Amino acid sequence: MSINRREFLRLAGVSALAGVGGVAVFNKLQNNALEASEFTAGPNALNAKRWAMVVDMSKFKTPEDYKRCMDACHSTHNVPNFSNPKDEIKWIWPEKFEHAFPGQENPYMNEETKEKSFLLLCNHCDNPPCVRVCPTKATFKRKDGIVMQDMHRCIGCRFCMAACPFGARSFNYRNPRGKDANGQPLIKEENAAYPTRTIGVVEKCTFCTERLAVGKLPACVEVSNEFSKGGLVFGDLDDPGSEVRKIISAKYTIRRKSEIGTQPSVFYVIGGNDYAIVPEIL
Amino acid sequence: MYDSGKIIVGLLIFIALVTFPFYNNIGKVNAKPELKLDTPEIQKLPEQERKCVESKEFMRGGHMQLLDDWRDSVVRDGSRIYTSSAHKTFNMSLQNECMRCHSNKKDFCDKCHNYMAVKPYCWDCHIAPKENKS
């Protein structure tokens, strides 16, 4: 079959018209978007350039103190208790010094620091490796520095768990809505205002974005203020007048594995002033 | 054609079987799902305020798109307040806002979704309101 120039041009013209017209018709049919609707932050929402937390370990005295912070977080966010350390889900958890700050320990350090539990949580790094490896962009860094996890998008590949140097991410190996061996629900009491997760997704601390949006501090911070003011301090690292900045500039703080370069946003005040007194050497 | 008799009979039987569901259902109309909008929460509202976020027609056709936009806005941008085209504000939350009024998931969400045989996975994570009927 041969085609001459005139026929070819005619055919091309008709096809182009049909294409353009078809798109227009398709758009017309598709067009049910709304006008004049908009999304805004709430009037009481707390804003920052970079949210950060200071954990003052001197304020944590009894195991009860840790437990209250952990319970507050885990009950607010429907974190299941799989009662098996292998597939444990943790948003905030205690750990010994040598595990929290590997490489910083020495055989001669004081007994109290050595044995003390440190409260660990997601560091909301400025340069988060978990975000870099996520293949679906399920985990991402918000404008306010919070490393957030979109459960709708998580495919459970666990790259982020391998990438996170802090063990801050947990995988739902089982259905968190299920029951344990004794027939007890894995989530003791569901908080009806917050979703659960499903089997096969990774979860972690979110710095309580849902609470910040309505002007509340994170659940752990709120509870810690009940038993000792200043145990957990939350604020904007970018604001020189914020409480976290004041503490960080006044006291010696350390961060977990800062040598890796992820720039964690959680700072630890170790020991407070009690240990800083050096006996006079004569 | 060899064996034309067998082939044609076989074909006819095949066509009859494949089209069975169609001619079997001809003339029978499935009851349309009737959604219940009379939850106690809705009835408590004054008459003028018994309106959804957007118009009924839009919600019917576009609620999934709306919820998808809400999700992206809340999770990704942290913007949680929705100003509707009627200039009313809503907290963008399926679990806390939509279901506050539509507390009858079984007679509202499920009815239509079952009829249309769609299985959205909202409730794998989001907690549905407690209902008496099971």
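A residue is buried if 20 or more other C-beta atoms lie within 10 Å of its own, and exposed if 12 or fewer do. Keep that definition at hand as you work through these exercises on a predicted model.

**Exercise 1. Work out how many residues of strand β2 of chain A are buried, and which way their side chains point.**

Step 1. Start with the strand as a whole: β2(A) is mostly covered, with six of its six residues buried.

Step 2. Now sort the residues by direction. A:Trp51, A:Met53 and A:Val55 point one way, while A:Ala52, A:Val54 and A:Asp56 point the other way.

Step 3. Put the two steps together: the residues on both sides of β2(A) are buried.

**Exercise 2. Find the order of the strands in the sheet that holds β2(A), and say which strands stand at its edges.**

Step 1. The sheet is open and has four strands of chain A, in the order β9-β2-β11-β10. Its pairing is mixed.

Step 2. Take the pairs in turn. β2(A) and β9(A) run antiparallel and share five bridges; in this pair, A:Ala52 has A:Gly235 as its bridge partner.

Step 3. On to β11(A): four bridges join this strand to β2(A), and the two run parallel. Here A:Val55 is partnered by A:Tyr268, and A:Asp56 stands opposite A:Val269.

Step 4. The last pair is β10(A) with β11(A), antiparallel and joined by two bridges. A:Thr253 also stands opposite A:Val269.

Step 5. Now for the edges. β9 and β10 of chain A each have a single partner strand, so one side of each is left without a neighbour in the sheet.

Step 6. As a last check, look at the faces of β11(A). A:Val266 and A:Tyr268 lie on one side, A:Phe267 and A:Val269 on the other, and all of them are buried.

**Exercise 3. Describe the largest nonpolar core and the elements that build it.**

Step 1. The core has 56 residues, and those with the most contacts inside it are A:Cys69, A:Ile92, A:Leu121 and A:Cys220.

Step 2. Among the elements giving two or more residues to this core are β2, β9 and β11 of chain A, along with helices α2 and α8 of chain A. The largest share, five residues, comes from β2(A).

Step 3. Zoom in on A:Cys69. Beyond its neighbours within four places in sequence, its contacts include A:Ile92, A:Cys220, A:Val223 and A:Leu232.

Step 4. Apart from this core lies another one, of seven residues, including B:Leu66 and B:Trp70.

**Exercise 4. Explain how the buried residues of helix α4 of chain B are arranged around its axis.**

Step 1. List them: B:Leu94, B:Cys98 and B:Met99 are the buried residues of this helix, which spans residues 94–101.

Step 2. Look down the axis of α4(B). The buried residues fall within an arc of 90°, so they line one face of the helix.

Step 3. A general rule helps here: an α-helix has 3.6 residues a turn, so residues three or four places apart point the same way.

Step 4. Ask what covers these residues: α3 and α6 of chain B are part of the answer.

**Exercise 5. Decide whether B:Phe20 is buried or exposed.**

Step 1. Locate the residue: B:Phe20 sits in helix α1 of chain B, residues 4–25.

Step 2. Count its neighbours. B:Phe20 has 10 C-beta neighbours inside 10 Å, so this residue counts as exposed.

Step 3. For a sense of distance, compare B:Phe20 with B:Thr83, 63 residues apart along the chain: their C-alpha atoms are separated by 50 Å.

**Exercise 6. Describe how chains A and B meet.**

Step 1. Count the residues: 24 of chain A are in contact with 22 of chain B.

Step 2. Strand β1 of chain A gives the largest share of its chain's side, three residues. By class, that side has 10 nonpolar, eight polar and six charged residues.

Step 3. Look for pairing across the chains. β1(A) and β1(B) pair in the antiparallel sense over three bridges, and A:Thr40 has B:Ile81 as its bridge partner.

Step 4. Finish with confidence. The predictor gives the complex an ipTM of 0.80 and a pTM of 0.81. For chain B, the mean pLDDT is 90, with 98% of its residues at 70 or more.

Conventions
Residues numbered from 1 in each chain as written. Chains lettered and ligands numbered in written order. Predicted model: local features only at pLDDT ≥ 70, side-chain atom pairs only at ≥ 80, totals over all residues. pLDDT = per-residue confidence, 0-100. Arc of directions from axis to C-beta. Contact = placed C-beta atoms within 7 Å. Core = buried A, V, L, I, M, F, W, Y, C linked by C-beta atoms within 7 Å. Pairing = 2+ DSSP bridges. Nonpolar A, V, L, I, M, F, W, Y, C, P; charged D, E, K, R; others polar.
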